[in-house]
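Me: Please take a close look at a single part of this structure, a loop and the backbone within it, and then connect that part to the rest of the chain. I would like one continuous account, with the limits of the model kept in view.

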Amino acid sequence: MGNRGMEDLIPLINKLQDAFSSIGQSCNLDLPQIAVVGGQSAGKSSVLENFVGRDFLPRGSGIVTRRPLILQLVNSKAEYAEFLHCKGRKFVDFDEVRLEIEAETDRLTGSNKGISPIPINLRVYSPNVLNLTLIDLPGMTKVAVGDQPVDIEHQIRDMLLQFITKESCLILAVTPANTDLANSDALKIAKEVDPEGLRTIGVITKLDLMDEGTDARDILENKLLPLRRGYIGVVNRSQKDIDGKKDIRAALAAERKFFLSHPAYRHIAERLGTPHLQKSLNQQLTNHIRDTLPGLRSKLQSQLLSLEKEVEEFKNFRPDDPTRKTKALLQMVQQFGVDFEKCIEGSGDQVDTSNLSGGAKINRIFHERFPFELVKMEFDEKELRKEISYAIKNIHGVRTGLFTPDLAFEAIVKKQIIKLKEPCLKCIDMVIQELINTVRQCTDKLRSYPRLREETERIVTTFVRERDSKTKDQVLLLIDIELSYINTNHEDFIGFANAQQRTAANATKKRVIPNQVIRRGWLTINISIMKGGSKDYWFVLTAESLSWYKDEEEKEKKYMLPLDNLKLRDIEKGFMSSKHVFAIFNTEQRNVYKDLRQIELACDSQEDVDSWKASFLRAGVYPEKDQVENDEAMVPSDTVSMDPQLERQVETIRNLVDSYISIVNKSIRDLMPKTIMHLMINNAKDFIHSELLTYLYSAGDQGSLMEESAEQAQRRDEMLRMYHALKEALVIIGDITTTTISTPLPPPVDDTWLREQSNPPAARSAAATAPPPSRPPAARGPAPGPSPPLNPSPAFGAPPVPSRPGPPGAYAGEPNAPLVPSRPARVPPALPPGIPSRRPPAAPNRPTIIRPSEPSLLD
């Protein structure tokens, strides 16, 4: 390891895990970690216990680990354990640790083999461990036991995938040696998420239980199923050893002895065993953390930036400060006024692209819904002519009139003007509802203070309701003013002379420019399943026709429907349908499209339906009038057939009424939005800016108004904890120096060179200076004593490595002892003596350097 800073990386990740676990959130960070996966009873828990040197994990047959255990090993002088859910309590007796794990598991999963993905956090401090963080996951199983659900296999699999799919997670795949490696559950699931084997470390357990005459040498030499990080073999305690309370230190000594004495493993004994596994995991996790730190830092920074805005209002929060409450009240009322005005008037910043704002909806009411309501109440032609004929006859009385009477015109016009009251009042109601919705939308920012929000909504809504009655009075006054004087000298009025000349056809002539596109958009044609089912088309409405196309490119036209004699009809929404429907039909009872008498068109919302109807009105397609079916049967015979003179008089007054009502409609359509804006909307804005604060102060105690909701207090605490945890994490990462040189990950080991001992004397003479004539016998075979030689197998001629203390021999105490190369086959035997070799002899004061790419004989 290059410097002390790198050794703090694993404790750094432990701090981050604790920081985020303590607030109950992971903050969506994939912290670097090692997940232990394997089948049931593969020896995962035994490997972890060997790391700690203590029995502390639950034991038994079947599924024992039923919740993920995040095990943080910390090198320390004292030996004890701590649980995150039992803060402040130190467990010195490791039997109590086991009981606590069992109790905590049963608390969530029950006592009958159920599983849960919520982890248990355990931290073990010991002088016998290296800094390491592992996650012990439940063993994979095939069959449900006890009260386990039938899909227990899939539940465990899904839980494992939650951890090992993250790119930051190393996978410790534990496989027992007495099963076929090709059937390993651990390697199979690791291969799914890590197909190239870059994150997988293989662990082979139960090497001592293999059948006699078989060994796992090819696996451990990474030849059978190669992994980028290789395999490490371990020997755990047997169930008999565990039941007999065999000491783990003795078990580790027995493991060491097994590897040194076994002919298949003695040449790689230094790369096997629990101590080597722990050391290798420590190094690989440290390197892995170092590699992922830049990405982790950038992710922390982006999350901190996203929290900055939300935390800004909470940073200097002091709940007991009265000045804070006053300041907050003023700021919130002021912000509410600004938001309300932006919603009504519109603004360029923070534009909502998903929904219409209050102002846009009110604009739609003014210019789409209100004109549509005016047209809907337009007089029915037959009914109007009948009323005009009655009026003329009643004015003439017993006399036969020679001239068209003015009073009939005035009577009919006033009757039509009175009908305007209903759509005008309906328009005001719709605007009122939109204003109240806008107030509620703007008070959403006050949800932190429920009482303040409630009072603000009540005060503003009450004011709007008050203005409602005044606005309605003013609008009714406008209509009364129109009724008070019929101005036949208006410049747009056609007059009697023109009315007599104008025909009914000219009166109903469209005022829209021919071929002008009025609207485009998607609509659904509702057709029964028998005739092809409903389909979406791109519709184009012009002043003369309605066309629909396959898509918005308007290349493939499906049909074009002329607008002559078409009318609109409302259709009730179907029971199972989520769309809103209206229909187009022909007044002459002709088929509109194919063999359909009417086309049903569907939109996603009622607003879209109203908007399309308003567009059809502009094109001259009016809604159907509600009338009695047998209306004609009820009409007296004297009105059905009129004499020619009366018919001319009716036609003249009909044209005059149409002309004058269009003038009144134009005036009302212009004045209605202005009246509503002046008396209601602008007054509401002024009230919020100037008087709302006064009403709030008089409504109650300021302290009670500014009381936080419990949810808001909890949200604020969580937000601040998260914010400070992120800041602390960034500070911790900033303290670590990542510009160090650490040992890179070794490639898979190839030991084939050991068997190819071609010309060993020549290789030695080329690579080493003055080798001794004879070699001590202790260097070739296993020798008793505390430090056996590294390469005890007599089958190989490789000399002992000088960096490890060997038995006292001929070179003891010699300062210029020759360096023996670890891979002599690399140096050509015919190399001339004048050319230096790739590995020159070490100077006396220079320690031996083992290259990281040659780990075959050293750690």
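Reply: Helices (H or I, at least four residues) and strands (E, at least two) are taken here as DSSP runs and are numbered from the N terminus. With that convention, and bearing in mind that this is a predicted model, the part to look at is the loop between β11 (545-549) and β12 (557-562), where Glu 554 lies. Glu 554 has a phi near 60°, which is a positive value in a residue other than glycine. Because its relative accessibility is 25%, and partly exposed covers values from 20% to 50%, Glu 554 counts as partly exposed.

On the other side of β12 there is a companion case, since Asn 565 is placed in the loop between β12 and β13 (566-571). Asn 565 likewise has a positive phi near 60° without being a glycine, and with a relative accessible area of 37% Asn 565 is partly exposed.

A loop position of another kind is Ile 486, found between α16 (450-484) and α17 (495-501). Ile 486 has a relative accessibility of 8% and therefore counts as buried, a class that ends at 20%. Once its neighbours within four places in sequence are set aside, the contacts of Ile 486 are Phe 409, Glu 410, Val 413, Lys 414, Ile 417 and Tyr 660. For one of these, Val 413, the separation along the chain is 73 residues, while the C-alpha atoms of Val 413 and Ile 486 are 8.4 Å apart.

The helix that precedes this loop, α16, is paired with α15 (residues 421-442), and the axes of the two come within 10 Å and cross at roughly 165°. Since an angle over 145 degrees counts as roughly antiparallel, α15 and α16 are roughly antiparallel to each other, and their crossing is right-handed.

Elsewhere, helix α3 (residues 44-52) packs against helix α10 (residues 274-312) at an angle of about 85°, with the axes 10 Å apart. That angle makes α3 roughly perpendicular to α10. On the α3 side the contact is made by Val 47, Asn 50 and Phe 51, and on the α10 side by Thr 274, Leu 277, Gln 278 and Leu 281.

A buried position within a helix is Ala 729, which lies in α25 (residues 710-735) and counts as buried because its relative accessibility is 1%. The C-alpha atom of Ala 729 is 9.0 Å from that of Ile 13, although 716 residues separate the two along the chain.

Turning to the whole chain, its secondary structure comes to 27 helices and 16 strands, and 44% of its 859 residues are buried. Among contacts between residues at least 6 apart in sequence, 74% join residues at least 24 apart. The chain exposes about 45,300 Å², of which carbon and sulfur atoms supply 51%.

As for confidence, the average pLDDT of the chain is 75, and 72% of the residues score at least 70. Over residues 737-742 the pLDDT is below 50, and that stretch has 13 contacts in the model beyond near neighbours in sequence. Over residues 761-817 the pLDDT also stays under 50, and the model has 64 contacts for them beyond four places in sequence.

Notes. Residues numbered from 1 in each chain as written. Predicted model: local features only at pLDDT ≥ 70, side-chain atom pairs only at ≥ 80, totals over all residues. Heavy atoms only, no water. Buried < 20%, exposed > 50% of the residue type's maximum accessible area, 1.4 Å probe, protein only. Contact = heavy atoms within 4.5 Å. Areas by Shrake-Rupley, 256 points an atom, 1.4 Å probe, with all protein chains shown as cover. pLDDT = per-residue confidence, 0-100. Axes fitted to C-alpha atoms, helices over the stretch in contact; angles between N-to-C directions. Parallel < 35°, antiparallel > 145°, perpendicular 65-115°, else oblique. Left-handed = near helix turned anticlockwise from the far one by under 90°.
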